[in-house]
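Here are a few short exercises to work through with the model open beside you. Try each task before reading its solution.

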Amino acid sequence: MEINLIAVLVAAVVSFFVGFAWYSGFGFGPLWVQLQGWSEAEAKKMKEGPMAMPMVIAFVANVLTAYVLAYVLGAFVAVDAAGAIQGA
């Protein structure tokens, strides 16, 4: 079984940016901060900390998730919509 690594990387990048949009000020970020019970000062303080490592970990997790999903779909021969419906 061959896994298209370019498709896995594209899926990981798209997932990364969807998460960015989801938690940004354009998405549900302000509501998420409010529901966590944080003040604006606490939220801004978190933004000042080191962000590189959490972003790298999130991207690696996205790549791993996309790879596992591609592997599982390939194992069940669900490479198109008809195969996915037939497998269900």
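This is a predicted model.

**Exercise 1.** Find where Ala 7 sits, and decide whether Ala 7 is buried, partly exposed or exposed.

*Solution.* Start with the location: Ala 7 belongs to helix H1. Next, take its relative accessibility, which is 40%. Partly exposed covers the range between under 20% (buried) and over 50% (exposed), so Ala 7 counts as partly exposed. To finish, look along the chain to Ala 70, 63 residues away in sequence: the two C-alpha atoms are 8.9 Å apart.

**Exercise 2.** Describe how helices H1 and H4 pack, and classify their relative orientation.

*Solution.* Two packed helices are described by the angle between their axes and the distance between the axes. For H1 (residues 5-23) and H4 (residues 52-75), the angle is about 135 degrees and the axes lie 8 Å apart. Over 145 degrees would count as roughly antiparallel, and 65 to 115 as roughly perpendicular; H1 and H4 are therefore oblique to each other. The crossing of H1 past H4 is right-handed. On the H1 side, the contact includes Leu 5, Val 8 and Phe 16, while H4 contributes, among others, Met 55, Phe 59 and Tyr 67. Sorting the contact residues by type gives 14 nonpolar, two polar and no charged.

**Exercise 3.** Is Ser 24 buried or exposed, and which residues does Ser 24 touch, leaving out those up to four places away in sequence?

*Solution.* Ser 24 lies in the loop between H1 and helix H2 (29-36). Its relative accessible area is 11%, and the cut-off for buried is under 20%, so Ser 24 is buried. With residues up to four places away in sequence not counted, Ser 24 touches Gly 29 and Pro 30.

Notes
Residues numbered from 1 in each chain as written. Predicted model: local features only at pLDDT ≥ 70, side-chain atom pairs only at ≥ 80, totals over all residues. Heavy atoms only, no water. Axes fitted to C-alpha atoms, helices over the stretch in contact; angles between N-to-C directions. Helix = DSSP H or I, 4+ residues; strand = E, 2+ residues; numbered from the N terminus. Parallel < 35°, antiparallel > 145°, perpendicular 65-115°, else oblique. Left-handed = near helix turned anticlockwise from the far one by under 90°. Contact = heavy atoms within 4.5 Å. Nonpolar A, V, L, I, M, F, W, Y, C, P; charged D, E, K, R; others polar. Buried < 20%, exposed > 50% of the residue type's maximum accessible area, 1.4 Å probe, protein only.
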